[in-house]
Amino acid sequence: MSLFQQAVFLTTVAHLRDLPQDSVREIAFAGRSNAGKSSAINSLAGRTRLAYVSKTPGRTQHLNYFTLADGKYFVDLPGYGYAKAPEAIRSQWEGLIGPYLSKREQLAGLVVIMDIRRPLTDLDLRLIDWFRPTGRPLHVLLSKADKLSRQEQTKTLRSVKAELATWGDAASYSVQLFSSLKKTGVDEAEAVLAGWLDMEKKMPENKRPPDKGGPGAKMP
Ligand code: GDP
């Protein structure tokens, strides 16, 4: 059974104060509007409509929480960039998404979905800037890989890899090809995300981050 296959919608969070207060580990998905984020989540879940919950009125600008089979969470962040003024994006990021990405203790890693034909846009980089100081891992899905030839796919993968390598700690930044249409890259993505959620178990005692509190612990 794959990690995402029994995922169910949990709740929509519009304010930091409404984030789940338990200490469950979670993974967040971000990307420009139309990058293929919902399709990627649906492909991981093996379902056609799971992530469309996040696209229903009243939910598109908020954090949408889903529960995975083993009780952990994944969080679908609002898509950015599409027909939105820079000030609107800035205020959204400063109010909710930025503080979430930079301070959420439970966040084990961030997946950023980028259309393979337009990877690493300015907005992607600005979003990633909120998250990088946490030192937690980032995984890029180069979505809609089917839109390019094999050769072009490899070329883009290589150049994004090279760019990420300039950011420092190689273990923290990874990238892969993904196509929801062809269902390619699903197993690879799942292995990375399962690794993140399981990290606590794999981490030796003395390497564990300090315990910031058990159930009920609040965000700093
Ligand atoms: P979101 O706004 O990031 O959630 O993007 P969606 O998942 O809604 O996808 C946006 C558009 O891209 C839709 O028309 C999808 O059908 C299309 N799309 C998404 N993933 C793929 C893919 O892997 N291949 C192709 N060819 N089209 C895709």
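At 29% relative accessibility, Thr 11 counts as partly exposed, because that class holds the values between the buried limit of under 20% and the exposed limit of over 50%. The structure to which Thr 11 belongs is a predicted model, and this residue offers a convenient place to enter it. Thr 11 lies in strand S1, which spans residues 8-13, and although Thr 11 and Tyr 65 are 54 residues apart in sequence, their C-alpha atoms are 5.2 Å apart in space.

From this starting point the view can widen to the whole protein chain, which contains six helices and seven strands. Read along the sequence, these elements follow the pattern β-β-α-β-β-α-β-α-β-α-β-α-α, in which the chain begins with two strands and ends with two helices. The chain has 220 residues, and buried residues make up 46% of them.

Several pairs of residues show how parts of the chain that are separated in sequence are placed in space. Tyr 73 lies in strand S4, residues 73-76, and it counts as buried because its relative accessibility is 8%, where the limit for that class is under 20%. The C-alpha atoms of Tyr 73 and Phe 9 are separated by 9.6 Å, with their positions 64 residues apart along the chain. Another such pair involves Gln 106, which is found not in a helix or strand but in the loop between helix H2 (86-103) and strand S5 (107-115). Gln 106 has a relative accessible area of 12% and is therefore buried, and its C-alpha atom is 6.3 Å from that of Val 24, a residue 82 positions away in sequence.

Further along the chain, attention turns to strands S6 and S7. Strand S6 covers residues 138-143 and includes His 139, which is buried, because its relative accessible area is 2%. What does the side chain of His 139 contact? The side chain of His 139 makes a polar contact with the side chain of Gln 176, at 2.9 Å. Strand S7 spans residues 173-177 and includes Leu 177, which has a relative accessible area of 23% and so counts as partly exposed. The C-alpha atoms of Leu 177 and Ala 145 are separated by 6.1 Å, while the two residues are 32 apart along the chain.

Two loop residues deserve a separate look on account of their backbone angles. Most residues other than glycine have a negative phi. Lys 183, in the loop between strand S7 and helix H5 (186-197), has instead a positive phi of about 60° although it is not a glycine. Asn 34 likewise has a positive phi, near 80°, in a residue other than glycine, and it lies in the loop between strand S2 (26-31) and helix H1 (37-45). With a relative accessible area of 61%, Asn 34 is exposed, because the limit for that class is over 50%.

Asn 34 also leads to the ligand, for it is among the residues that come nearest to it, together with Ser 38, Ser 39, Lys 55 and Asp 146, out of the 16 residues around the ligand. By class, this shell is made up of three nonpolar, seven polar and six charged residues. Where does the ligand sit among the pockets? The space taken by the ligand is the second largest pocket.

Individual atom pairs give a finer picture of how the ligand is surrounded. On the side of its oxygen atoms, one oxygen atom of the ligand is 2.8 Å from a polar backbone atom of Lys 37, and a polar side-chain atom of Ser 38 lies 2.6 Å from an oxygen atom of the ligand. For nitrogen, a nitrogen atom of the ligand is 2.7 Å from an N or O atom in the side chain of Asp 146. On its own the ligand has 580 Å² of accessible area, and the protein covers 75% of that area.

How values were computed
Residues are numbered from 1 along each chain as its sequence is written. This is a predicted model: local features need pLDDT of at least 70, side-chain atom pairs count only at pLDDT 80 or more; totals for chains, interfaces and linings use all residues. Side-chain values use heavy atoms; hydrogens and water are left out. A residue is near a molecule or strand if one of its heavy atoms lies within 4 Å of it. A polar contact is a pair of N or O atoms within 3.5 Å; within protein, one must be able to donate a hydrogen and the other to accept it, and residues adjacent in sequence count only if both atoms are side-chain atoms. Accessible areas come from the Shrake-Rupley method with a 1.4 Å probe; for residues, only the protein chains shown count as cover. On a 1 Å grid over the protein atoms alone, a cavity is a set of points where a 1.4 Å probe fits but cannot get out, and a pocket is an open set with protein on both sides within 12 Å along at least five of seven lines; lining residues have an atom within 4 Å of a point. A molecule sits in a cavity or pocket if more than half of its atoms lie within 2 Å of its grid points. Ala, Val, Leu, Ile, Met, Phe, Trp, Tyr, Cys and Pro count as nonpolar, Asp, Glu, Lys and Arg as charged, and the others, Gly among them, as polar. Helices (H or I, at least four residues) and strands (E, at least two) are DSSP runs, numbered from the N terminus. Buried means under 20% relative accessible area, exposed over 50%, partly exposed in between (1.4 Å probe, protein chains only).
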